[in-house]
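Dear colleague,

I am handing over the structure below, and I would be glad if you could look through it with the notes that follow.

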Amino acid sequence: MSVQFLPNLFEKSLYDLIKGLRTHKGGEDEFIQACLRECKVEIKTQDMDKKATALLKLIYLEMFGYDMSWASFHVLEVMSSAKYLPKRVGYLGAVQSFRPDTEVLMLATNLLKKDIASASIPNMSLPLITLPHFSTPSLAMSVLSDILSRLSHSNPVVRKKTIVCLYRLALVYPEALKLGWPKIKDRLMDDEEDSSVTSAAINVVCELGWRRPHDFLPLAPRFFELLVDSGNNWMAIKIIKLFATLTPLEPRLTRKLLRPLTNIIQTTSAMSLLYECINGIIQGGILDGEDGLQERDEVASLCVGKLRGMIVMDADPNLKYVALLALNRIVTTHPELVAMQQDVIMDCLDDADISIRLQALDLAAGMVASDTLQSVVNRLVDQLRLAPSSTSRPSSSHNPEDPDDDKRIPDQGSPAISAVLPSDYRIGVLHRVLDMCSHNNYSEIVDFEWYVGILVQLVGLLPPSESEDHWMQSHPDPEATTHSGTDVAFRIGSEIRNLAVRVRGVRLETTRAAESLILIDNRSTLFPAGSNLGDGVLGPVAWVVGEFADYLSSPSRCLQSLIDMSHVTLPARTLSLFLQAIPKVLVQVSRDGQQGAPSWRSEISLLLARVVEFLDALAAHPDLDVQERAIEFLEILRLAAEAMQSGGEDMPFLLASVIPSLFTGLELNPVASTAQKKVVLPDSLRLDEAFNDNLPTLLHDRDNKSLESSDPHILQDFYYVPDRTLLSHKPSHDVTPVDAPLNPSYQNFPDVGDVERRRVERRERFRDDPFYIAPSDASSGGSTPFHEILNTSNGDGLDIDSIPIVDLKLGDEASGPPGQAPRRDRRSRPRKMEVAGDETFGAEESSGGDATFGTAGRSTGQNRSLLQVDSSGLGQLSFTGNDRAQSQLSADEGETEMIKAMQRVEEVRLRMQRASERIELDGTPAEGTLVKKKKKKKKDGAESAGKSGPKKKKKGSATSPTG
Amino acid sequence: MINAVLVFNNTGQPRLTKFYTQLDTQTQQSLIAQIYRLVAQRPASACNFLPLPPLLSRGASSSAAHGPSDAPTQITYRTYATLSFIMISTSTESPLALIDLIQVFVEALDRMFENVCELDLIFGYETMHAVLGEMIVGGVVVETNIEKIVAGVRSQEGSLGKRKAVQAASTSLGRGALPGLGGWR
């Protein structure tokens, strides 16, 4: 091999490392560990070239994930090299390994300042391109003046890098921009300026623009000029992006921009510029003006036409993708424009490229209306059903209820469909289908029976979990699991439950669908085979079969499936729902049994025994909730089983009426999750205040007395005598509408005459209600000593009716939520369904609540994305230089801060020095894995390095300082 | 802005990693692995945009829809022969322009190494960093002109001249290998 390598010593040695890596295939890690040990020795030598070589190798290994933060002090040493190339290696090491919290940063300040002031341009560039990677406020402050002076350097290369460097410093130290902006602005306004510098300035302004658009409005004429005259497409793209953030603030700009943008759209051959023009028009809100400008409509149709062209005519997938991206932005404001392109968008749903599909899917979800929903959803479901999944699964996802099932398979055999779909795409589709259908409380759904069918199909389409497991193994991140397939399964189950609760009209169908999912015999056909992915569905579905047991086609089969012993291993969350459903279904079975066959007695006894057996298996479940529920029902059902054995002809009372009464009562309606929070606390409710300060002593006295008197009825009294001081839980349905004028807090204080009447009314009303304990004798009024104390000490004026009760008016809401149910008349509507909306009261403000949560999270930086640069500090910054005095002040502050910083630098320097001395002594730095040896190998490397290129080495080192 | 530039080969070996926001080495590696997995799944005919990998999608959820933000939302990649070039950026960058930027990067490397191949970049990775440093500073593009980029790197490396790791460049990186890229600039 006739090799002409970079004739530097360190280059050669890196070559050895790389070659070694290639020859040690398999045992790479050992080889790397050995190299790291060598590097640790080499990097401590006095020879700068050797040091740089070692560092270069470390940087190379860092790329593969080998930590080099321990070498930060040596990085600094190499950075301070007098020769350019080693210096460059040092700076590269700093870029790759320094973090804002790296301690040696303190020591770097002077070096950076010196290099910025260097006479050679490459030398000067190094700190400029390196600083953005680890700037801290104090570092930025100390180098700021040096950087600022570079803005007027004679070489454009330096100027453009300085502008960008300044921007990055400003992100951590906003003051930098306050001082730097006038100069950057000068560069921007200067017509004679090098185009690269203008371009870099525009790029920076584009980054700043969306944070503080107001500050850049005055510059709009200049931007306009640059856009029209520059002829630089890269810059034009950025200017258009900038204008997109400015136009919403200044409507007059729209008028001015419309013509040049249209011009570009019509004439440019550069697709990226064309696309950004369209994008700028969309994002800048140029399409949404109210003044009915005729040009505006033309532009709108021009844009959409061009986007359509990008999708249809170009075979280029990139154009397709970005066109869909743009349409996705239009769809929120102009759904009708996008809906016209529905045909091409729908084709993209079957595109071979998953990225394009996902975009089309988002778009489809954004624009579906009630008349297109079914076709879109059917298309997606077919796509999932017909595509082979990543693991070969028997075609069990066949829907037996669909007669033309087999007919459809052959004519959909296009290559796009036969592609294997990754499971995260499948999950995405499932989520989207659910989003689309449940959108706005099912307002788009016409045919609910169809939807129930779709939901059952979706269960079978759950992707296999294999890839999920793989992901979990490598990333044991709890948050990642929330996206898994089981989560979608739970969502499907919840949809079935929602339908059953909200849409009375299809409750029968929904319950039957839930029943078919519960039945153990159907598991193999309706669920994805060989996985427990469908388990998430089972919980909500079990609740449905329990709650609406009277709609079940075969309660006893359903019950047998519920108590199948294989369910014992289900997750606790699912099991507790199962446990609740079992007695409900059992009640239904026994109710049916009474009218049924003569053998009901033995059948029910048998079922009871099996249920008891199932519950018994769960009585020691590790999850406390499951355990408690299991034991409760176990005891009751054991009693029932005993009663069955000893009873006569009829169903035992316990089974016929006691257990059913546990589950009958008011019907459950959907209640908004925010409703609870909105219940206003009554003003007079004081939870922190003691009833009576000397209650303990009083109680003690009374206790003694009552024990002496040993009243046998004391306990009975405690339970049965109405406690007049406790809060009454009136069911809100029964609250009579208040006719007295309401005060602002919706609380109502009836007059005293009313009180007695109401009290009587209430007693009447609750006499037969099993949830209320009837007074044994209303007139006796005998209270326990405990109550007497409370009564006497608090005065008799307290009574239940004076406790304010918020009027929820739930009954009215439930009967007809305005605008929730699909009302529009459609010719082929199968059945008109009422959809019950969430019950709540007051204004709907859930979004507001979310928003506050969101901002709170953002301000604390909790949900910051990885890789994100935080530019929020610039939000408070003002460019207008009206506060000279303040900057003067801050300069003073800067002075004192500088002194402090210098002191800290000195401290750290001492500490580092001591630390490095210590390392020299015992030879085992932080890692501990290091063994002091391997000198020999290094020597070999140096020798071979010397052999192959001694001449060039000399040449290289001679040329490098001049660079 | 551009948040990161990555280069790795078709077995997932990193050839260049440059993060314009600091990230600990561990997270860097898992991010590279996730992106590699996404790239590896894609057929050659697919578009040059990747969905966000799990590590990035967490914070960036819906921010893309509502104008610019600090969170990275776009991943653009291009594959040349054995190497994939990836750019992670926020929405202030134009996706199509980023594809062109990758092209500029590769063409500039090609100038530096003369008919560049993967091996050149392995041994000359310091030069590769220098080329990138002439194009992007702190995540902001400073130069798109190939002449100026090459001149900038040459001025750093002095008269070292052309450098070639292997003469037989059997796996040379083709230019304009993907259709429809010509006329975007």
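Asp16(A) is partly exposed, because 18 other C-beta atoms lie within 10 Å of its own, and a residue counts as buried only from 20 such atoms upward and as exposed at 12 or fewer. Please keep in mind that this is a predicted model. Asp16(A) has its place in helix H1 of chain A, which covers residues 9-23. Although Asp16(A) and Lys57(A) are 41 residues apart along the chain, their C-alpha atoms are separated by 9.7 Å.

Further along chain A there is a pair of helices that you may wish to view together, namely H22, made of residues 370-386, and H25, made of residues 423-442. Two packed helices are described by the angle between their axes and the distance between the axes. For H22(A) and H25(A) the angle is about 160° and the axes are 11 Å apart. Since angles over 145 degrees count as roughly antiparallel, H22(A) and H25(A) are therefore roughly antiparallel to each other. Their crossing is left-handed.

Which residues of H22(A) and H25(A) meet? From H22(A) come Leu373(A), Val377(A), Leu380(A) and Leu384(A), and they meet Arg426(A), Val429(A), Val433(A), Met436(A) and Cys437(A) of H25(A). Sorted by character, the residues of this contact comprise eight nonpolar and one charged, with no polar residue among them.

Turning to chain B, you will find six helices and seven strands, which follow one another along the sequence in the pattern β-β-α-β-α-β-β-α-α-α-β-β-α. Of the 185 residues in chain B, 61% are buried. If one takes the contacts in chain B between residues at least 6 apart in sequence, 55% of them join residues that are at least 24 apart.

Five strands of chain B form an open sheet, whose order is E2-E1-E5-E4-E3 and whose pairing is antiparallel. At its edges are strand E2 (14-19) and strand E3 (49-50) of chain B, each of which pairs on one side only. Strands of a sheet pair through backbone hydrogen bonds, either parallel or antiparallel. Within this sheet, strand E1 (residues 2-9) of chain B runs antiparallel to strand E5 (residues 83-89) of chain B, and seven bridges join the two. To find the register on screen, you could begin with Ile2(B), which stands opposite Ser89(B) in E5(B).

With best regards

How values were computed
Residues are numbered from 1 along each chain as its sequence is written. Chains are lettered from A and ligands numbered from 1 in the order in which they are written. This is a predicted model: local features need pLDDT of at least 70, side-chain atom pairs count only at pLDDT 80 or more; totals for chains, interfaces and linings use all residues. Helices (H or I, at least four residues) and strands (E, at least two) are DSSP runs, numbered from the N terminus. Axes are lines fitted to C-alpha atoms, for helices over the stretch in contact, and angles run from 0 to 180 degrees between N-to-C directions. Angles under 35 degrees count as roughly parallel, over 145 as roughly antiparallel, 65 to 115 as roughly perpendicular and the rest as oblique. A crossing is left-handed if the near helix is turned anticlockwise from the far one by less than a right angle, and right-handed if clockwise. Two residues are in contact if their C-beta atoms, placed from the backbone, lie within 7 Å. Ala, Val, Leu, Ile, Met, Phe, Trp, Tyr, Cys and Pro count as nonpolar, Asp, Glu, Lys and Arg as charged, and the others, Gly among them, as polar. Two strands pair if DSSP finds at least two bridges between them.
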